[in-house]
Amino acid sequence: PTSSGDGTYKWGPERFVSEARALANFKHPAIVAVTSIFEANGTAYIVLAYESGVDMAQWLKKLGRPPSQEELDRLLLPLLSALEDVHRHNMMHRDISPDNLLIRDDGQPVLIDFGSARESIRGRARALSAIVKHGYSPPEQYTSKPELQGPWTDIYALSATLYRAISGKIPPDATERFVRDDVQPLVRLARAAYRKGFLEAIDRGLRMKVEERPQSIVEWRERLFQAEPLR
């Protein structure tokens, strides 16, 4: 709570509960399930289903080699389906990165740690710190204008996650890219054989300008899965 009396704290838990209920409506295998929402101790809580597995960073480390095209395709298809569902309901994840992408014991992916409520609070109170993850958050997440964010925001973050998996490198932070954009095309950095269109689609998803990125998961999926030989 703050002493400013602007109602931000009261508004925050209310919005948190509202968005937690919206998340609870998703019944998608690649979206972590909400098992309970309750208010106590002057705040609100969300209880998520227990998932057994490792995050993508750990998965890549255990793999000990670059993931194959087939392995990435197997992860991407359910993830894209999940994000398409989320975006259809005017929500966004806003915090996609290797540590928020869990690979279950059966090899299936699941998105965890939805951060929408925190972003909404930031839009309400500009004095609050931005919620960003260096290397994975697009430039619009550094602003105080949540209306600049959309499906293209999650597309940037998932592109950065794939860039890390394929190249072994985290993309430079968006703030650094404003000064000098040193992101190299994936076709130069790929450590295994991948579809050229797949690599180009990831590069496009990492464009700094919102209008230059795919505007929807449907559009991006078409680019990612264009039929062509590996190279």
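**Exercise 1. A serine in helix H5**

Find the element that holds Ser 159 in this predicted model, and decide whether Ser 159 is buried or exposed.

*Solution.*
Step 1: Locate the residue. Ser 159 is found in helix H5.
Step 2: Check its accessibility. The relative accessible area of Ser 159 is 0%. A residue counts as buried under 20%, so Ser 159 is buried.
Step 3: Look at the neighbours. Leaving aside residues up to four places away in sequence, Ser 159 touches Ile 202, Gly 205, Leu 206 and Trp 220. Keep Ile 202 and Trp 220 in mind, as both return in the next exercise.

**Exercise 2. Two helices in contact**

Describe how helices H8 and H9 pack, using the angle and the distance between their axes.

*Solution.*
Step 1: Recall what is needed. A pair of packed helices is described by the angle between the two axes and by the distance between them.
Step 2: Take the values. Helix H8 spans residues 196-205 and helix H9 spans residues 217-224. Their axes are 7 Å apart and the packing angle is about 145 degrees.
Step 3: List who makes the contact. From H8 come Gly 197, Phe 198, Ala 201, Ile 202 and Arg 204, while H9 contributes Trp 220, Arg 223 and Leu 224.
Step 4: Sort these residues by character. The contact holds five nonpolar residues, one polar and two charged.

**Exercise 3. The buried side of H9**

Which residues of H9 are buried, and why do they lie on the same side of the helix?

*Solution.*
Step 1: Pick out the buried residues of H9, which are Ile 217, Trp 220 and Leu 224.
Step 2: Look down the axis. These residues cover an arc of only 65 degrees, so they sit on the same side of H9.
Step 3: See what they face. The buried residues of H9 pack against helix H3 (69-88), helix H5 (151-167) and H8. This links back to Ser 159 in H5, which has Trp 220 among its contacts.

**Exercise 4. Building the three-stranded sheet**

Work out the strand order of the open sheet and name its edge strands.

*Solution.*
Step 1: Set the order. The open sheet has three strands, arranged S3-S4-S5 with antiparallel pairing.
Step 2: Identify the edges. Strand S3 (53-55) and strand S5 (109-111) each pair on one side only, which makes them the edge strands. From strand to strand, the twist averages 30 degrees.
Step 3: Follow the pairing of S3 with S4. Three bridges join these antiparallel strands, and Gly 53 stands opposite Arg 104.
Step 4: Do the same for S4 (residues 101-104) and S5, which are also antiparallel and joined by three bridges. Leu 101 has Leu 111 as its bridge partner, and Ile 103 stands opposite Pro 109.
Step 5: Inspect the turn. Four residues separate S4 and S5 in their hairpin, and Gly 107 in the turn has a positive phi of about 90 degrees.
Step 6: Check the faces of S4. Leu 101 and Ile 103 are buried on one side, and Leu 102 and Arg 104 are buried on the other, so both faces are covered.
Step 7: Add the helix. Helix H2 (residues 56-63) lies across S3 and S4 and runs at about 100 degrees to S3.

**Exercise 5. The other hairpin, and two positive phi values**

Compare Asn 41 and Arg 94: where does each lie, and is each buried or exposed?

*Solution.*
Step 1: Start with the strands around Asn 41. Strand S1 (residues 34-40) and strand S2 (residues 43-48) pair in the antiparallel sense over six bridges, with Val 34 partnered by Leu 48.
Step 2: Place Asn 41. It is found in the loop between S1 and S2, in a hairpin that has two residues between the strands. Its phi is near 55 degrees, a positive value in a residue other than glycine.
Step 3: Place Arg 94. This residue lies in the loop between H3 and S4. Arg 94 is not a glycine either, yet has a positive phi of about 70 degrees.
Step 4: Compare accessibility. Asn 41 counts as exposed, at 72% relative accessibility, whereas Arg 94 is buried, with a relative accessible area of 14%.

**Exercise 6. The whole chain**

How many helices and strands does the protein have, and what share of its residues is buried?

*Solution.*
Step 1: Count the elements: nine helices and five strands.
Step 2: Read them from the N terminus, which gives α-β-β-β-α-α-β-β-α-α-α-α-α-α.
Step 3: Turn to burial. Of the 231 residues, 46% count as buried. The protein exposes about 11700 Å², with 52% of this supplied by carbon and sulfur atoms.
Step 4: Consider contacts along the sequence. Among those between residues at least 6 apart, 64% join residues at least 24 apart.

Terms used: Residues numbered from 1 in each chain as written. Predicted model: local features only at pLDDT ≥ 70, side-chain atom pairs only at ≥ 80, totals over all residues. Heavy atoms only, no water. Pairing = 2+ DSSP bridges. Axes fitted to C-alpha atoms, helices over the stretch in contact; angles between N-to-C directions. Contact = heavy atoms within 4.5 Å. Nonpolar A, V, L, I, M, F, W, Y, C, P; charged D, E, K, R; others polar. Buried < 20%, exposed > 50% of the residue type's maximum accessible area, 1.4 Å probe, protein only. Areas by Shrake-Rupley, 256 points an atom, 1.4 Å probe, with all protein chains shown as cover. Arc of directions from axis to C-beta.
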